[in-house]
Amino acid sequence: MRVLLVDDETEFVSTLAERLSMRNIDADWVGSGEEALKRMADHVYDLAVLDVKMPHIGGIELMRRMRARRPEMKFIFMTGHGSEQDFQAGASEAGAEYYLAKPVHIEDLMRKMTEVLGAGASRP
Amino acid sequence: MSTEPDVIGQEEIRYFGKVTASISHELKNVLAILNEHAGLLQDFVAMAAQGRPLDVERIRQLSDGMLKQIGRGDTIVRNMNRFAHTADHERATADLVGLVELSVQMFGRTAAARGVTVQVQTPGQPMMIATHPFVLETLIGKLLDHLAGKAFGIGTVSIGLGWRGPEAQISVPGLATCAGPLAELLASDEVKLLLAVLDATIEFSVAGGALVMTLPGNIDAGRANAPGKPA
């Protein structure tokens, strides 16, 4: 499993990547949507874990652009919104079915990763 | 049919809601970082229990990072507290520089998420005015939200503050790319009512893209007095 984590809160995302790596998950991280798109030019990822609210390119838009380049890629969103329901209301129409509220529990994230990658076809 | 106080109250509540939503989002990010740092420390402890030596330098980095986030969280909560207290008195003598800076801090994260940086050019000293602090915060917030909320291509919004005689002025140049929508906002009933409550005016040059808001130094005395104006 090769995972790209994207969040402008770089202390958060770098530490999360370190913890995933300690659990034998090949995790890279970047601090912006622009960097994520650049990284995709020479790296292949199975899954991206994206923050929803980021400068310039937000998570939903980033998912659209990444999916256009690699349709089989899977996505999980992380949100600092008050509740998952709040996020769901705004993002489900964009195809963002998988999400976690911050703070993220690493066991929940890993369970979700397994679930997403086992889900077969890419999201609509 | 809504009365004027209803409209003002609705605008204030809407602004309060936006600010608290933004703050809670930012606090969630602080908690998320603390959660990961604490989780990584737990991972290290678990590995140490299995005989792997602790990386003291990494632990120092993590604890420094946690202290930094605690400081960040404290600043957020202090700003929230200051913001909440601007609603304590319907009218009060307040520092315009502080009010504008507070509005900018409240909207900083939202603006940054939209790729907009907001800067305040202060005169280097307080600008004390007697006004309706919360109504003024609401109006400034409404304008900032509008400027940062659309894809106007404004990289930086620069807010200047100063006196013109007894009156205080807030000026924002460089808004040509959003002149049309901004002019529409300024012509809305909500903005007109907020301006009327503040006894303030806004001039906006569509061609030049410059906005200037003028406020009385003392709302109770009209446009003739400025309590904090430097001699």
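**A pocket, a sheet and a helix**

Modeller: Helix H4(B) gives the most to the lining of the second largest pocket. Please keep in mind that this is a predicted model.

Biologist: Happy to start there! How many residues does H4(B) give to the lining of the second largest pocket?

Modeller: Two helices of chain B, H1 (4-49) and H4 (133-149), each supply at least two lining residues. The lining includes Pro133(B), Phe134(B) and Val135(B). H4(B) gives the most, and its number is three.

Biologist: Which class of residue has six members in that lining?

Modeller: The pocket has a volume of about 170 Å³. Among its lining residues are Ile8(B), Glu12(B), His89(B), Glu90(B) and Val197(B). Three of the lining residues are polar and two are charged, while the class with six is nonpolar.

Biologist: Let's move to the strands of chain B. Which residue stands opposite Gln169(B)?

Modeller: Strand E5(B), residues 167-172, has five of its six residues buried. E5(B) pairs with strand E7(B), residues 210-216, in the antiparallel sense over six bridges. Opposite Gln169(B), in E7(B), stands Thr214(B).

Biologist: And which residue in the turn between E4(B) and E5(B) has a positive phi?

Modeller: Strand E4(B), residues 156-164, runs antiparallel to E5(B), and five bridges join them. Leu161(B), for example, stands opposite Ile170(B). The two strands form a hairpin with two residues between them, and the turn residue with a positive phi, about 60°, is Gly165(B).

Biologist: Now for chain A. Which are the edge strands of its open sheet?

Modeller: The sheet has five strands in the order E2-E1-E3-E4-E5, with parallel pairing. An edge strand pairs on one side only, and here those strands are E2(A), residues 26-30, and E5(A), residues 99-101.

Biologist: What is the average twist from one strand to the next?

Modeller: Take E1(A), residues 2-6, and E3(A), residues 47-51: they run parallel, joined by four bridges. Within this pair, Leu5(A) stands opposite Val49(A). From one strand to the next in the sheet, the twist averages 20°.

Biologist: One last thing: what should helix H1(A) span, at 1.5 Å a residue?

Modeller: H1(A) covers residues 10-22, and its buried residues include Phe12(A), Leu16(A) and Leu20(A). The helix is followed by Asn24(A), whose phi is positive, near 65°. The end C-alpha atoms of H1(A) are 18 Å apart, which agrees with the span expected for its 13 residues, 18 Å.

How values were computed: Residues are numbered from 1 along each chain as its sequence is written. Chains are lettered from A and ligands numbered from 1 in the order in which they are written. This is a predicted model: local features need pLDDT of at least 70, side-chain atom pairs count only at pLDDT 80 or more; totals for chains, interfaces and linings use all residues. Side-chain values use heavy atoms; hydrogens and water are left out. The expected span of a helix is 1.5 Å times one less than its number of residues. Buried means under 20% relative accessible area, exposed over 50%, partly exposed in between (1.4 Å probe, protein chains only). On a 1 Å grid over the protein atoms alone, a cavity is a set of points where a 1.4 Å probe fits but cannot get out, and a pocket is an open set with protein on both sides within 12 Å along at least five of seven lines; lining residues have an atom within 4 Å of a point. Grid points are joined across faces, edges and corners, and a volume is the space filled by probe spheres set on the points. Ala, Val, Leu, Ile, Met, Phe, Trp, Tyr, Cys and Pro count as nonpolar, Asp, Glu, Lys and Arg as charged, and the others, Gly among them, as polar. Two strands pair if DSSP finds at least two bridges between them. Axes are lines fitted to C-alpha atoms, for helices over the stretch in contact, and angles run from 0 to 180 degrees between N-to-C directions.
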